[in-house]
Structures are given as structure tokens and as C-alpha cells.
Amino acid sequence: MDMILKYRKEMVTGVMLALLLFLFLKYIFPLLSPFLLAYLTVYAFYPLLYKLEVKWKIRKTITMFLVLGILAIIILSLIWVIIAISGGSVEETLPHVLEWKDRLFLTSGNAILHDLLPEILKNTVSYIQKVFPVLAYIGIYLIATILMAKDFDGLMSKVHKIGALDSFMDIVGKILRTAGMYLKAQMILIIIIMGICIAGFYCIGITSPILLGILAGILDALPFIGTGIVLIPTSLIFFLEREIMKGVICLFIYIVCIGVRELLEPKLVGKGLGILPVILLISIFAGIKLFGVAGIVKGPLGIVLYKNIWVMLFKTKQNNNE
């Protein structure tokens, strides 16, 4: 009888915990995400911040500002390289700018006032509505990162004084470390898949093999999409053009990519997260169904949160019973 009651309590606890985590990921996590990302950034670079402050007397805020600047330069450089590799010029990248330029010079003043200007204003408002939340998110993240870098020691000392908050931050630390392992594993897989696709595309003479290989590698990281969204249509085009060998090679590349991911992902991702690969797949699928595209991250995050909180709860109960 005691065992039945124990299992019932655990079942109720498990359901309540799952419900609370769903509400947290659905409504609270989006509000906290820039601050959690800022904490992760400071946490990752804290050894460097501390070392430079102690050895060279450089303030943590200055070092953090420089680190963020370097990261921004790297990201922008990668974007520029991708555009350059794709063979796209400024004119191809920004065709609408040239279209507006031509229309401004070729149309009369009345046409500009009655036709072009309202269209520009309408598109401007639309772009602002789409871009402003992204810019606001980035701005809040940057400010939070600098402020956390400045007060990180004091913040952590205050957290350690509060038992419940200290336990929560311990879980957050485990989650962040786990997220780092997950991202590292995915980056390794993406780079391998990119390399396979680029080599294959180059061998069969596809235009812009590097850009297409990078796209295939990135899409391969998305569940239920994969490299097939690039390789299968490409192979079909070759078959329709009666270039059978190229089409077969594309299908072969697709099979190789699937094999590599199936072979390496359970070892890299499952081991990093500490959960079974099938549970990881279920969490991603459920996350996408519940949260949309963001579920790719929220699904595994929810599972890891659930596991750590569950262990903490019942470990605490066992210690109290002893």
C-alpha cells in the first residue's frame, strides 16, 4: 500500500512538474532568454575576464565589450564571406534598393508623391515592425551582458547566500553546460555534413558548391528537414535533364549524410545531454509541436530541466528522510 501511495505521489509530482515547465517555457522563458543568454556569455568568458582584471588591471566590462565586438565582427565577416562565395554582388543582394533608385530617377514628381512614397512608407512601417523586436532583443542582451560582467562576483555571492536560489542557479549552470555540449555536438555534425556536401557538389560541378553545401549542412541540423530538402530536388532536376550520374551522386551524398548523422549524433548529442537518443528525438518532436520552430531548443531544454529538477527534488527528500 505504501508503495502504491509513493508511486501515486511521484506520478502527481511528475505531471505537475511537466505542467509547470510547459508554462515556464511557453510564457516566462521568452522574457528571460536575453538575460539567460547574457549570463551564459559572461559565464563562458569569466575566466578570461578574471585573469585580465587580476593580471593586467583591465576591467571586466572593458574586456566583455571587446569580446562582444570581436564576436560581432566574426559573425558579420562570416555573413559577408557567404555572400561573397555565393557570387552575389551588392546589386544582387539589394535589388529593391536599385529598383527604388531607378524609379526615383525615371518617374515624375507627381508619380513619386502618389505612387512611390505611400509604398515606401508602407514597406518602411512593415520592416520596422519586423526588425524592431530583433534589435530590441539584441540591445537588451548586450546591455545585460555588460552589466552582468561588471557585477558578476557580487551577484554570485548573493545567490549563494539564498539556499533555494543557489539550488536553482546550480540547475541553471548544469543546463547551460549541457546546452554548450549540445551546441558543440551539433556544430561538429554540421561541419562534417557541410564538408561532405561541398565535396560532392564540387565533384559534380554544381554552381556555388560552397554556398549550397553550407545551406545543406545548416538545414541538416533541423529535425524532419535535413539535407534532403536540398539534395532530393537537386537529384530530381538532374534526372529530368537526363544527367543520371549526377542525380545518382546527389542521392548517394544524401544517404551518406543520413548515415553520418545516425552514427555520430547518438554518441555526441546523447552523451552530452545525458539522455537517451530516442528521448531526445521525442523531446524535439514534442517541442516543435508545442512551441513551433523554437521547440528545437525548448524541447531538449525542457527534458534536461525536468531531469535535473526531478533529481534535486527526490534527492532532497531522501536527505530529509535520512
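The following paragraphs lead through a predicted model of a protein chain, from its overall make-up to its helices, its ring pairs, its salt bridges and a nonpolar patch on its surface.

The protein chain has 322 residues, of which 28% are buried. Its secondary structure consists of 11 helices and 0 strands, so that, read along the sequence, the pattern is α-α-α-α-α-α-α-α-α-α-α.

A natural place to begin is helix α1, which spans residues 2–56 and supplies 10 residues, the largest share, of a nonpolar surface patch. The patch has an area of about 1,000 Å² and is made by Val-12, Met-16, Leu-19, Leu-20, Leu-23, Tyr-27, Ile-28, Leu-31, Leu-32, Phe-35 and Ile-140. Met-16, one of these patch residues, lies in helix α1 and has a relative accessible area of 44%, which makes Met-16 partly exposed.

Aromatic rings come next. A search of the whole structure finds 7 aromatic pairs, and ring pairs link Tyr-39, Tyr-43, Tyr-46, Tyr-50 and Phe-152 into a cluster. In general, a pair of aromatic rings is described by two quantities, namely the distance of the centres and the angle of the planes.

The charged side chains can be followed in a similar way, and the count of salt bridges comes to 4. Between Lys-60 and Glu-53, the closest N and O atoms are 2.3 Å apart, and the two residues form a salt bridge. Lys-60 has a relative accessible area of 7% and is buried, whereas Glu-53, with a relative accessible area of 28%, is partly exposed; a residue counts as buried under 20%. Glu-53 and Lys-60 also belong, together with Asp-153, to a network of salt bridges.

A further salt bridge is formed by Asp-220 and Arg-261, whose closest N and O atoms are 2.5 Å apart. Because Asp-220 lies in helix α7 (residues 209–220) and Arg-261 in helix α9 (residues 244–273), this pair ties together parts that are 41 residues apart in sequence. Asp-220 counts as buried at 8% relative accessibility, and Arg-261 likewise counts as buried, at 9% relative accessibility.

Helix α8 covers residues 228–240, and its 13 residues reach 17 Å from the first C-alpha to the last, a span close to the 18 Å expected at 1.5 Å a residue. Which residues of α8 are buried? They are Gly-228, Val-230, Leu-231, Thr-234, Ser-235 and Phe-238. These residues cover an arc of only 165° around the axis, and therefore they are on the same side of α8.

Just after α8, Arg-242 takes a positive phi of about 65°. Another salt bridge involves Glu-243 and Lys-246, with the closest N and O atoms 3.1 Å apart. Glu-243 counts as partly exposed at 29% relative accessibility, and Lys-246, with a relative accessible area of 27%, is partly exposed as well. The salt bridge of Asp-220 and Arg-261 joins two residues that count as buried, while that of Glu-243 and Lys-246 joins two that are partly exposed.

Methods
Residues numbered from 1 in each chain as written. Predicted model: local features only at pLDDT ≥ 70, side-chain atom pairs only at ≥ 80, totals over all residues. Heavy atoms only, no water. Patch = residues over 30% accessible without salt bridge, like charges linked within 9 Å, V, L, I, M, F, W, Y side chains within 5 Å. Areas by Shrake-Rupley, 256 points an atom, 1.4 Å probe, with all protein chains shown as cover. Helix = DSSP H or I, 4+ residues; strand = E, 2+ residues; numbered from the N terminus. Buried < 20%, exposed > 50% of the residue type's maximum accessible area, 1.4 Å probe, protein only. Expected span 1.5 Å × (residues − 1). Arc of directions from axis to C-beta. Phe/Tyr/Trp six-rings, centres within 6.5 Å; stacked < 30°, edge-to-face > 60°.
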